[in-house]
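The following paragraphs lead through a protein model, from its secondary structure to its empty spaces. Please keep the sequence and the coordinates in view while reading.

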Amino acid sequence: MKRIAILGSTGSIGTQALDICRRHPEAYRVTALTAKSSREKLFDQVRAFRPEMAGLLDGIRQEEIPEDLRFCRWLSGKEALHAAAAETEADAVLVSIVGIAGLQSVMDALEAGRQVLLANKEALVTGGHLVMEKAKAKGLPILPVDSEHSAIFQCLQGAGGNQPEKILLTASGGPFRTWKREDIRKATRAQALKHPNWDMGAKITVDSASMFNKGLEIMEARWLFDMPESRIEVVVHPESIVHSAVAFTDGAVIAQLGVPDMRVPIGYAMSYPLRKTTGVPAPDLFALGKLTFERPDEDKFPSLRMAKEALRAGGAACTVLNGANEEAVARFLRDEISFGEIYDLVARALDALGGLPATCLEEIFEADRRARKVVKER
Ligand code: NAD
Ligand code: MG
């Protein structure tokens with residue numbers, strides 16, 4: 001029996017993780033559930049999974065908790081996130097909240113000696129060096145949930161300890177892959193929210209359209225697999241069947257294939273090193289017929305170049321890119337700026353703040369705040 005705390009249980013990743021728990025009641029017990037504001041959904045989950053504790057970031061008063069849900073400990077705000085990451089009797093903590101808020105939770109979970117199942121890529125983007133250092137010091141693995149990183153992790157199980165020469169990070173290319181640069185800049189909210197292959201939360205869906213998501217994933221791979229950015233190559237693969245691959249010195253490439261369904265990487269992180277059913281079938285290669293691959297177009301999607309430059313710059317540059325992008329996406333979703341302005345605002349923040357340091361959590365959070373301010377004030 002594995003005891004799991006789920007941070008961000010009402011989101012896209014969180015609900016799919018609970019589907020897997022429901023499928024294997026003999027294998028998983030849920031110790032904590034947290035959400036930002038979706039209380040009705042959280043109430044239903046607490047009713048079904050009976051965790052030790054539950055919490056809402058936006059807060060809840062004692063009298064607002066339904067009678068039948070008072071068996072568990074209810075917390076509000078950051079205290080709820082901290083308790084879920086570090087205080088319940090969990091073996092593993094699934095960090096599936098969105099944004100830089102995940103960094104503190106990952107550090108808390110590691111500090112408390114919990115295995116981290118990591119969906120929140122922002123934790124590695126902003127504090128990758130601190131997270132990996134802490135994981136190493138504690139002798140704990142970071143098990144990736146992001147589909148590409150899960151794929152790389154799975155490929156490396158067959159590497160026998162050999163360091164790969166290269167990581168081939170696949171990308172669907174998003175809804176604007178075949179569009180012209182000028183048209184992408186004018187894309188609407190509805191167009192950006194329509195991902196061809198994956199059903200995900202709003203923020204990451206917009207990031208997939210801008211390809212900032214792939215930029216963030218280059219950073220994530222850099223830290224998870226200790227691989228310099230120069231040896232991580234983005235490969236556009238519109239079918240989203242090959243979830244990534246690793247190339248070795250002898251010319252061999254190992255890839256991981258599957259239909260685009262997050263329950264596979266979520267389930268693998270949960271059951272690692274075993275495999276358990278997820279409800280997802282294997283891809284039908286006969287029906288697919290062929291798989292295609294393209295080079296990414298960095299003129300159309302400057303996000304990829306910006307991400308690599310930020311990695312090379314070091315310090316808080318990746319945090320600035322991430323914070324500025326998070327704020328710009330929020331503004332785009334409120335119809336305050338155009339799609340093209342997301343790129344412009346991130347570039348502006350990097351110009352202004354790209355040299356900030358990131359030697360500790362405080363400096364990272366400060367760089368994040370300042371990057372957001374640049375974007376908010378524009
Ligand atoms: P989502 O928006 O669907 O869900 C986010 C969850 O976190 C919700 O439960 C919400 O209540 C909670 N939350 C939101 N803001 C919070 C905050 N500031 N503090 C605490 N909790 C907060 O998001 P998602 O699509 O499930 O993505 C979660 C994470 O997983 C993101 O980092 C994303 O990049 C990553 N990820 C998602 C997918 C996917 O398929 N959805 C794939 C790969 C990686
Ligand atoms: Mg991904």
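Helix H3 (residues 77-86) lies across strands E1 (2-7), E2 (28-35), E3, E4 and E5 (92-95), and runs at about 130° to E4. Helices (H or I, at least four residues) and strands (E, at least two) are DSSP runs numbered from the N terminus; contact means heavy atoms within 4.5 Å. Axes are lines fitted to C-alpha atoms, for helices over the stretch in contact, with angles from 0 to 180 degrees between N-to-C directions. The model is predicted, with local features requiring pLDDT of at least 70 and side-chain atom pairs pLDDT 80 or more, while totals for chains, interfaces and linings use all residues. Residues are numbered from 1 along each chain as its sequence is written, chains are lettered from A and ligands numbered from 1 in the order in which they are written, and side-chain values use heavy atoms, without hydrogens and water.

The strands crossed by H3 belong to an open, parallel sheet of seven strands, ordered E4-E3-E2-E1-E5-E6-E7; two strands pair if DSSP finds at least two bridges between them. Strand E4 (73-76) and strand E7 (142-144) each have a single partner strand and stand at the edges, so one side of each has no neighbour in the sheet. On average, neighbouring strands are turned by 20° against each other, direction ignored. At the E4 edge, four bridges join E4 to strand E3 (residues 53-56) in the parallel sense, and Ala54 has Trp74 in E4 as its bridge partner.

Where is empty space left? Rolling a probe the size of a water molecule over the atoms shows this. On a 1 Å grid over the protein atoms alone, a cavity is a set of points where a 1.4 Å probe fits but cannot get out; a pocket is an open set with protein on both sides within 12 Å along at least five of seven lines, and lining residues have an atom within 4 Å of a point. Grid points are joined across faces, edges and corners, and a volume is the space filled by probe spheres set on the points.

The second largest pocket has a volume of about 240 Å³. Among its 17 lining residues, Gln256, Val264, Arg275, Thr278 and Val280 are the closest to its centre. Helix H11 (263-271) gives the most to this lining, with four residues.

The whole structure holds one cavity of 30 Å³ or more, and the largest cavity has a volume of about 60 Å³. Its lining includes Trp198, His243, Gln256 and Val264. Helix H6 (147-156) gives the most to the lining of the largest cavity, with four residues.
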